[in-house]
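User: I would like a close look at a single part of the structure shown here, explained step by step for a first-year student. Please begin with any term that the explanation needs.

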Amino acid sequence: MSLVNAAHGRSEHTSAVHPTGESEAGGRRGLREVIGAYAALAKPRVIELLLVTTIPAMFLAGREIPSPWLVLATLVGGTMAAGSANALNCVIDADIDKVMNRTRRRPLVRDSVPRQNALIFGLVLGAASAVLLYVTVNLLAALLAIVTILFYIFIYTLLLKRRTPQNVVWGGAAGCMPVVIGWAAVTGTVEWPAFVMFGVIFFWTPPHTWALAMRYRDDYERAGVPMLPVVATPQHVAKQILVYSWVMVAWTLLLVPATSWIYTTFAVLAGVWFLFYAHRLHAAVSRGEKAKPMSLFHRSNTYLMIVFVALAVDAAVGLPVLGLPF
């Protein structure tokens, strides 16, 4: 599951292996190599950021440190669900991955996992995640995980990704679901703070992904994926990144009534910090200078981590919430 492309800027190294089970060096694959290939299908580095948002959502839901066993069960189930969506995405996008430089080392491209095996792996992992969440957490968390997988595959990957430059805007909603699942795991319901956290990640996704797509524009164009930087001018992309960045930072402040001064302070300071770099990218592009979008991409990861860690700390400390001003 995405956030939709949280770790796309990093290489995905998997040893090349033929479907027969022999490596390019001619030897049989070892168990470690096989496990590594299947793990790569799940895109573990993408999942890392999902976990960073799930745990704080669980803290905020109870305004306390949740049960370690509940956290563990939710994280394992959520990781399996995300791995399922990512593996199925690899199956569907194998043709795209072959022509993009930054994805050509993925398992299906290098034939280190047969396509049919990858499909079965993704389906089994998804079913197992739902069962685990149902048994160890609750029914709502399990249903939300299933909905997330289906949304990511059918709405983002199959419907939006290759058809519209708004693909990551609406398709990115799948990457927002871990916070809702985390909240549901603790409370058995979904309340307004969960939707606000959903919105934070929703508005975070376009600046994050478009900054990456600016760097890898040629890759997306070669693959026929209409990411915004492929179909629009750099000036327009930079402006959209700036707009979404402002909305994202403003949206984080909607959580102020449910938190104390700790979260509020970090949300404001982190927001000012991120907006500085968003404005700097916009200014550089507007002047026709060589921009560094990957700088903003990496800082977007740090920004999201700061905001959600602040949520977790705020809830764990348990200071009185600021509440509504009326």
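Analyst: A helix here is a DSSP run of H or I covering at least four residues, and helices are numbered from the N terminus. In that sense, Leu158 belongs to helix H6. The model is a predicted one, and its mean pLDDT is 88, with 90% of the residues reaching 70 or more. Over residues 1-27, however, the pLDDT is below 50, although this stretch has 86 contacts in the model beyond near neighbours in sequence.

The part chosen for the close look is the surface around Leu158. With a relative accessible area of 39%, Leu158 is partly exposed, because this value falls between the limits of 20% for buried and 50% for exposed. Leu158 is one of the residues of a nonpolar patch on the surface, which also includes Val131, Tyr134, Val135, Leu139, Leu143, Ile146, Leu150 and Phe154. Together, the residues of this patch have about 870 Å² of accessible area. Two elements each give two or more residues to the patch, namely helix H5 (115-136) and helix H6 (139-160). Helix H6 supplies the largest share, with 6 residues.

Several buried residues may be set beside this surface. Cys90 is located in helix H3, which spans residues 68-92. Its relative accessible area is 2%, so Cys90 is buried. Between the C-alpha atoms of Cys90 and Thr157 the distance is 9.8 Å, while 67 residues separate the two in sequence. When residues up to four places away in sequence are not counted, Cys90 touches Leu41, Lys43, Asp97, Arg106 and Leu108.

Thr53 offers another example, placed in helix H2 (residues 44-62). Thr53 counts as buried because its relative accessibility is 0%. Apart from neighbours within four places in sequence, the contacts of Thr53 are with Pro178, Val179, Ile201, Leu304 and Phe308.

A loop can also hold a buried residue: Ser260 is situated in the loop between helix H12 (234-252) and helix H13 (261-286), and Ser260 counts as buried because its relative accessibility is 1%. The side chains of Ser260 and Asp314 are joined by a polar contact of 2.5 Å. Not counting residues up to four places away in sequence, Ser260 touches Leu319, Pro320, Val321 and Leu322 as well as Asp314.

To return to the chosen part, Leu158 is partly exposed and belongs to the nonpolar patch, whereas Cys90, Thr53 and Ser260 are buried.

Note on methods. Residues are numbered from 1 along each chain as its sequence is written. This is a predicted model: local features need pLDDT of at least 70, side-chain atom pairs count only at pLDDT 80 or more; totals for chains, interfaces and linings use all residues. Side-chain values use heavy atoms; hydrogens and water are left out. Buried means under 20% relative accessible area, exposed over 50%, partly exposed in between (1.4 Å probe, protein chains only). A polar contact is a pair of N or O atoms within 3.5 Å; within protein, one must be able to donate a hydrogen and the other to accept it, and residues adjacent in sequence count only if both atoms are side-chain atoms. Contact means heavy atoms within 4.5 Å. Patches are made of residues with over 30% relative accessible area and no salt bridge: like charges are joined within 9 Å, nonpolar side chains (Val, Leu, Ile, Met, Phe, Trp, Tyr) within 5 Å. Accessible areas come from the Shrake-Rupley method with a 1.4 Å probe; for residues, only the protein chains shown count as cover. A salt bridge is a side-chain nitrogen of Lys or Arg within 4 Å of a carboxyl oxygen of Asp or Glu. pLDDT is the predictor's confidence in each residue, from 0 to 100.
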